Amino acid sequence: SKGYGYADYEEKILMKNFNRSCIGSVSKVITSIAALKAIEEKKLELQSKIYGSNGCLRAKKYMDAIKKGIDKYSPGSKDWMNHYKAMELIHLLTHTSGFSDGVDDGESYRNYEDYHIKTLETKRLESFTPGEGNKYSNHGMGLVGHIIHVVTGIEYRDYVKSRILRPLGIEDQVIPVKSEWNSMDAEVHTFENGKLKKKSYGIINNGLAAGGWTAAATHLVRIM
């Protein structure tokens with residue numbers, strides 16, 4: 001295999017097959033594999049409920065946030081509560097949960113739990129019953145990462161590292177987006193005024209499970 005184009009256009013550094021790039025929503029594949037590993041370990045089921053007394057997120061704070069959100073956008077409605085109670089893991093994995101995206105300022109929250117609670121309080125679900133419609137959802141897949149943390153007691157990124165990356169021998173090659181890049185990383189580029197410029201991608205604080213991993217194609221092949 002070989003690389004094509006430039007890892008750094010300004011410095012004219014050619015792309016090598018080991019150079020990492022941010023893989024964006026391909027990160028969702030890694031998260032889906034992690035969820036299946038948790039199922040294999042009997043920590044989850046595809047039909048695991050997300051909310052309620054038997055749900056993955058059964059703590060009172062989640063239901064309180066749901067009620068607060070319903071009171072805001074649909075006071076007195078029982079339909080929305082039924083939608084939340086019907087939501088299962090498979091709906092999050094297949095973008096059929098009814099979530100779209102979370103609150104816009106996600107990176108200002110300490111962790112995904114706080115981010116999700118704020119989303120429940122302020123964002124309305126799509127109008128379909130879970131499983132009966134679809135809406136692409138970064139937040140839904142980010143929530144899968146949080147659920148993995150809750151049911152296993154292991155931080156999502158550490159779970160991915162120990163269950164997926166380390167057994168494949170690529171735990172040092174497939175890593176979260178970071179603020180400082182090195183010779184393993186391809187720079188992010190964008191067009192500005194018709195010219196190719198470097199761009200800082202930034203740190204993915206709350207969206208790792210949905211789009212925050214970096215990898216080279218040679219590493220992704222081993223995962224797939």
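Start with helix 3, residues 79-86, where Trp80, Met81, His83 and Tyr84 are the buried residues. Look down the axis of helix 3 and these buried residues fall within an arc of 155 degrees, so they line one face of the helix. What does that face pack against? The buried residues of helix 3 sit against helix 2 (60-73) and helix 5 (112-122). Keep in mind as you browse that this is a predicted model.

One of those helix 3 residues, Tyr84, leads us to the next stop, since Tyr84 is among the residues that Tyr51 touches. You'll find Tyr51 in the loop between helix 1 and helix 2. Is Tyr51 buried or exposed? Its relative accessible area is just 2%, and buried means under 20%, so Tyr51 counts as buried. Leaving out residues up to four places away in sequence, Tyr51 is in contact with Leu57, Tyr62, Met63, Ile66, Tyr84, Met87, Phe99, His116, Leu120 and Leu143. Pick out Ala86 too: Tyr51 and Ala86 are 35 residues apart along the chain, yet their C-alpha atoms lie 8.2 Å from each other in space.

Now hop over to His146, which belongs to helix 6. His146 has a relative accessibility of 7%, so with the cut-off at 20% this histidine is buried as well. Its contacts, again skipping residues up to four places away in sequence, are Leu57, Tyr62, Tyr112 and Glu113. Two of these names should ring a bell: Leu57 and Tyr62 are also on the contact list of Tyr51.

Staying with helix 6, let's see how it meets helix 1. Two packed helices are described by the angle between their axes and the distance between the axes. For helix 1 (residues 27-40) and helix 6 (residues 138-152), the axes come within 10 Å and cross at roughly 40 degrees, and the crossing is left-handed. Which residues do the touching? From helix 1 come Lys28, Thr31, Ser32, Ala34 and Ala35, and they meet Asn138, Met141, Val144, Gly145 and Ile148 of helix 6. Sorted by class, this contact has 5 nonpolar, 4 polar and 1 charged residues.

Last, turn to a pair of strands. Strand 5 (residues 188-192) and strand 6 (residues 195-199) run antiparallel and are joined by 5 bridges. To find your way along the pair, look for Phe191, whose bridge partner in strand 6 is Leu196. The two strands make a hairpin with 2 residues between them, and Asn193 in the turn has a positive phi of about 55 degrees.

Technical notes:
Residues are numbered from 1 along each chain as its sequence is written. This is a predicted model: local features need pLDDT of at least 70, side-chain atom pairs count only at pLDDT 80 or more; totals for chains, interfaces and linings use all residues. Side-chain values use heavy atoms; hydrogens and water are left out. Axes are lines fitted to C-alpha atoms, for helices over the stretch in contact, and angles run from 0 to 180 degrees between N-to-C directions. Helices (H or I, at least four residues) and strands (E, at least two) are DSSP runs, numbered from the N terminus. A crossing is left-handed if the near helix is turned anticlockwise from the far one by less than a right angle, and right-handed if clockwise. Contact means heavy atoms within 4.5 Å. Ala, Val, Leu, Ile, Met, Phe, Trp, Tyr, Cys and Pro count as nonpolar, Asp, Glu, Lys and Arg as charged, and the others, Gly among them, as polar. Buried means under 20% relative accessible area, exposed over 50%, partly exposed in between (1.4 Å probe, protein chains only). The arc is that of the directions from the helix axis to the C-beta atoms. Two strands pair if DSSP finds at least two bridges between them.
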